[in-house]
Structure formats: structure tokens, C-alpha cells
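Work through the exercises below with the model in view, and try each task before reading its solution.

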Amino acid sequence: MQYTTHTPLAYRMQPKSIEQIIGQKHILGKGKPLYEMVTKGHLTSLILYGRPGIGKTSIASAIAGTAKIPFRKLNAVSSNKKDLEIVVNEAQMLRTSIVLCIDELHRFSKTQMEYLLPFIEKGTLILIGLTSENPYHNINPAIRSRCMIFQLHPLCPEEIQEGLIRTLQDTKNGLGKYNPIMDATALQYLSESVGGDMRVALNYLEMAFLIAESKDNQIQITVQHIEQVAQKKHLQMDKDGDAHYNVLSAFHKSMRGGDVDASLLYLAMLLEAGDLKGIYRRILGVCYEDVGLAKEMGPKVLAGIQAAEMLGIAEGRLPLANLVIELCLSPKSNRALCAIDKALEFVRSGKAIHIPSHLKDAHYAGSQALGNGIGYIYPHHHSIGKFGGWVPQQYLPDNLIEMQFYEPDAIGNEERFKHLYKKLKHEQLRVLKSQKNPDTSS
């Protein structure tokens, strides 16, 4: 039988009711909020959030089909206010609510958003907004506050297989009437090659079906056919999308946590996406934020990044992998981060900070008349014994003389810093206190 349809397979297999939706059980399983809203006839405006190809449009149309409410769909990129007015007028003429599905909702202008608000408020329109961008960052707060937000998850390989089997058996919208055969190996290979994207899986299946040969009135779809149409496995991230920042976040946190294998996995994903700059920033971030004072990694990290930049992405993976593994397995200290944040918090508190006069700028005529620079001791000219190049001189303001922003830890190299810091701090306070109160010195 000749395959004559011109409608894409993925479009034909879109679910018509929520019972036909595969996956998303966290919101569409029985007893879950969205399922109960739809099946009990209490559908309210909502936003479906997830990366492209995750099934947002299919779920929106299935919700409307189950709720038996008129359904209209617009795209925020190509639609204008007049298009919205047509839908509103239709709802008012019918004297019923209309489900208005808006794809790429985050692309709507402020004017379009404001026009929608009163009709969403009154229930004239039940908005189902679809977006691949984080709604908490990119959707007008007035719209967002009137909608329930549901995040969709990529399908697991078993769920993709369920959809593929359904398509192979469906004689009305799928491929069932052509009597296709696809063995378990090919099914598994395809389901694991699409990054949880059912639309991509169905597109690959359709292309593989078209190039497969018919034998004994059957079409055998093999792993080789899948390999031909899926030359590069679908990556579970979009360099310009929200998922990209999730991978960067996971990459940094895995290095911080010392998980070498997880860090290498996320590094590979970022390399596949071609985001060298993102990799560099995260590696430098871990170097100074997380390894910090525990191990001197700065020069090595910069040298590795420079090597990767010179080698290009193919061979540059080698110095980057070396850096990632060493950063993972290095001792960690965030005490420098905590110290500067504590100092910033104090500065931002607005409390008075009076710089001691002997530390003030004395490089201009008349500065000494103001008392600036008088009594300052140049450490290099007054080296004292075991500390070398250090003098017990007041640097903090009078009211902060015992302030301690840095709280060292005994990890890696920082153990040495801790020992020296505490000795210097103790000696300085002892001398300064004895200078202010000679009778109490010891």
C-alpha cells in the first residue's frame, strides 16, 4: 500500500484527550491538579512551560478536547491585537468561554497582554499560554498572577517507546495499515536518540518508514534505517533556551560537589552545544568560588582555558577535561567568597567607616596639615623577625578594630593561611591594645 498522506505523522498522532497523553504524570496523572481541573470541568487559565518539542501544543489541544470547550490557537510571533479581538468577539457572540492557546506567550507585547487581562479575569477567555522560556522571568506578572504554571518534563525512553508502538499499531492516524515491523533493538535505539522529544521520535520514525523496503507485504524498520535519518542524536538542551542554563548550573554544582562523572557528562553536553565561553566561565567560577584558597588553581585554569582556545573545540576538550577532573578532586573552600560577601554586607549597611588618618592619601600639598599619613610605618623598612615585612599597625577603623570578615578553614593550602592569619591577628591586637592601654599590656 502506497504511503500517500501529506500531513506529518507527528501532527496526525497528536492526542485528542488527556487520556491519550503520554508522560507528564506529575500534572496529568489521576488525582493531580491539572487532571482534576480538566475532568471536573473547572478549567482555569494556565501556562505550560517546557523546552521546544516537549508536547505543549498537544497537551493544550487535548485539554480543550477533554473539557469540550471551543479551542482557538494563535502564535505570539505572528499574531496582533486584531487577532485577539476576533477571538474575544466570537466568545461574546457564542456567550461561552473559549480556550485561547497562545504559543510563544513570552513574545507578546505589553499592549497585547493588557488587552487580554480583563477577558481572562471575567472568564471570557481561558488562556493556555505555551512558552519555552522561564515564565517567572519572561511573562508579564499581571498575566502570570492569573494563571497556574505547570512545568513539563522530557519523556523517558520507555514513554517514547510507548508512543512509537502506539503509532505503529494505529490504523487510522498512524502507520498500522501499512503493516510495519520494528524490532525491540530499533525501538530502543530510536527512543534513546531523541532526548525525550516525541515529535522528533515520530519524525525520525516516519523518515525511516519511507526509506525502508517492503518484503512480503511488510515494511521492516531496522536500526540501520534509524541511524540514516538520525545522524546526530538529539541533544537535550537548546543553547539559547532555559535548558541551557540548567546544564550550566548542573555543571558548576557537580564540580563543586566533587562528582567527576556528572561533571564530565555536563561538560560533554556543553561541548556538543558549542558553548566554550559558558564552560570557561563555570570552570573559572569553581576555581575561585569553590576551590578558592584551599588550592592554587588560578594560573593552571587560565593556562588550560588558553590551550583550549588555541586548540579549538575538538582537541580543546582535553585540557578542559583535565581541569574539570582536577577541580572536582581538589579540596574546597569558599571562605574567600564568604569573607568578601560579609565585608560587602557591612559596607551596604550604611554604618560609618572612618579610615585611620595615617592610612589616608598624603601625596598632595597640605595633606600633613590635615594629619594625613602622619605616623604611617612602611612595612618593608621595618621587618620584624619571624613575620618578615610586617608591622603591628592599625589598619581597621577604631570602632572596627576587632572586626573579622575572613574566617579561615583548615583545608588544603588554607590550613597554612589560617595559622598565619590567626598569629598576625592576635599579635596585632595585642600590640594595639597595649599602645592604647599601656598598663594592661602583657
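A residue is called buried under 20% relative accessible area, exposed over 50%, and partly exposed in between, with a 1.4 Å probe and protein chains only. The model is predicted, so local features need pLDDT of at least 70 and side-chain atom pairs count only at pLDDT 80 or more, while totals for chains, interfaces and linings use all residues. Residues are numbered from 1 along each chain as its sequence is written, and side-chain values use heavy atoms, without hydrogens and water.

**Exercise 1.** Determine the strand order of the open sheet and its edge strands.

Solution. Take strands as DSSP runs of E with at least two residues, and helices as runs of H or I with at least four, numbered from the N terminus; two strands pair if DSSP finds at least two bridges between them. The five strands then follow the order S2-S3-S4-S1-S5 with parallel pairing. Strand S2 (71–75) and strand S5 (148–151) are the edges, each pairing on one side only. Within the sheet, S3 (residues 98–103) and S4 (residues 125–131) pair over five bridges, and Leu100 has Leu127 of S4 as its bridge partner.

**Exercise 2.** Examine helix H16 (residues 298–329) for a departure from a straight helix.

Solution. First, compare spans: a straight helix of 32 residues would reach 46 Å, taking 1.5 Å times one less than the number of residues, yet the end C-alpha atoms of H16 are only 15 Å apart. Next, locate the bend, defined as the angle between axes fitted to the seven residues ending at a residue and the seven starting there: H16 bends by about 145° at Gly312. Finally, inspect burial, where the buried residues of H16 include Ile305, Ala308, Gly316 and Leu320.
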